[in-house]
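Please open the structure in your viewer and keep the selection panel at hand, since the tour goes from one selection to the next. Each stop names what to select and then what is there.

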Amino acid sequence: MDATPDTPGEDFAQLLARLRDEYGVNDSQIATATGVSPSTVSTWNHRRRQPRPDALRALAEAYPKFTEHEIFAAAGRRTPGPLSPSAEERLLQLFRGLTAEQQESQEIQLRALNEHNRSRPL
């Protein structure tokens, strides 16, 4: 299949093949750029596992011809919203103002939302 950025239905393995061609890199170089092992990249190539969001973001940063949105879409995930350092600090300040029980409750809710986003089709 000849995949292009606008090709609907391109999966992550296809995107990786396109990325390797575009940048002339191998799986070991992709692994280094994303902070995972070459065997993990192999599982992505063989469609046995999908990468975690941090690896997807690292891939977009290392290979900027591929947008974060394009990479997350190929992995079947919604692109997380941006979080600036100031927004992160504001959220941490709010969280620090909660009781231990409230923090635990919020963490449970956030985990549930993250899981929902991972399992929800685009």
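In what follows, a residue is called buried when its relative accessible area is under 20%, exposed when that value is over 50%, and partly exposed in between. The model on the screen is predicted, and local features are described at a pLDDT of at least 70.

**The whole chain**

Begin with a cartoon of the entire protein, in which seven helices and zero strands are found, so that the order along the sequence reads α-α-α-α-α-α-α. Switching to a surface, you would be looking at about 8,200 Å² of exposed area, of which carbon and sulfur atoms supply 52%. Buried residues account for 29% of the 122 residues. Among contacts between residues at least 6 apart in sequence, 52% join residues at least 24 apart.

**Helix H3**

Next, select helix H3, residues 38-45, and colour Thr40, Val41, Ser42, Thr43, Trp44 and Asn45, which are buried. Because six of the eight residues of H3 are buried, the helix is largely enclosed by the rest of the structure. Which helices do the buried residues of H3 pack against? Show H1, H2 and H4 alongside, as these are the helices against which they pack.

Just after H3, stop at Arg47, which lies in the loop between H3 and H4. Arg47 takes a positive phi of about 60° although it is not a glycine.

**H2 against H3**

Now add helix H2, residues 27-34, whose axis comes within 8 Å of the axis of H3 and crosses it at roughly 110°; that angle makes H2 roughly perpendicular to H3. To see the contact itself, display the side chains of Asp27, Ser28, Ile30, Ala31 and Thr34 in H2 together with Pro38, Val41, Trp44 and Asn45 in H3, since these residues meet there. By class, this contact of H2 with H3 holds five nonpolar, three polar and one charged residues.

**H2 against H4**

Keep H2 on the screen and replace H3 by H4. The axes of H2 and H4 also come within 8 Å and cross at roughly 110°, and H2 and H4 are therefore roughly perpendicular to each other. On the H2 side select Ile30, Ala33 and Thr34, and on the H4 side Ala55, Ala58, Leu59 and Ala62, which they meet. The contact of H2 with H4 divides into six nonpolar residues, one polar and no charged.

**The largest nonpolar core**

Which residues of the largest nonpolar core touch the most other members? Select Phe12, Leu15, Leu19, Ile30, Leu59 and Ile71, which hold that place among the 19 residues of this core. Helix H1 (12-23), H2, H3, helix H4 (53-62) and helix H5 (68-74) each supply at least two residues of the core. As general background, nonpolar side chains in soluble globular proteins tend to be buried together.

Centre the view on Leu59 and show what surrounds this residue. Not counting residues up to four places away in sequence, Leu59 touches Phe12, Leu15, Leu16, Leu19, Ile30, Thr34 and Ile71.

**From H1 to the loop before H2**

Move to Val25, which sits in the loop between H1 and H2. With a relative accessibility of 16%, Val25 counts as buried. Leaving aside neighbours within four places in sequence, Val25 is in contact with Leu19, Arg20, Ile30 and Tyr63.

From there select Arg20, a residue of helix H1, which is partly exposed with a relative accessible area of 21%. Again leaving aside neighbours within four places in sequence, Arg20 is in contact with Val25, Asn26, Asp27, Ile30 and Asn45. If you draw a distance between the C-alpha atoms of Arg20 and Ile30, which are ten residues apart along the chain, the separation is 8.4 Å.

**Last stop: helix H7**

Finally, go to helix H7, residues 100-119, and select Glu107 within this helix. Is Glu107 buried or partly exposed? At 37% relative accessibility, Glu107 counts as partly exposed. Add Phe95 to the selection: Glu107 and Phe95 are twelve residues apart in sequence, and their C-alpha atoms are 9.6 Å apart in space.

How values were computed: Residues numbered from 1 in each chain as written. Predicted model: local features only at pLDDT ≥ 70, side-chain atom pairs only at ≥ 80, totals over all residues. Heavy atoms only, no water. Helix = DSSP H or I, 4+ residues; strand = E, 2+ residues; numbered from the N terminus. Buried < 20%, exposed > 50% of the residue type's maximum accessible area, 1.4 Å probe, protein only. Contact = heavy atoms within 4.5 Å. Areas by Shrake-Rupley, 256 points an atom, 1.4 Å probe, with all protein chains shown as cover. Axes fitted to C-alpha atoms, helices over the stretch in contact; angles between N-to-C directions. Parallel < 35°, antiparallel > 145°, perpendicular 65-115°, else oblique. Nonpolar A, V, L, I, M, F, W, Y, C, P; charged D, E, K, R; others polar. Core = buried A, V, L, I, M, F, W, Y, C linked by side-chain atoms within 4.5 Å.
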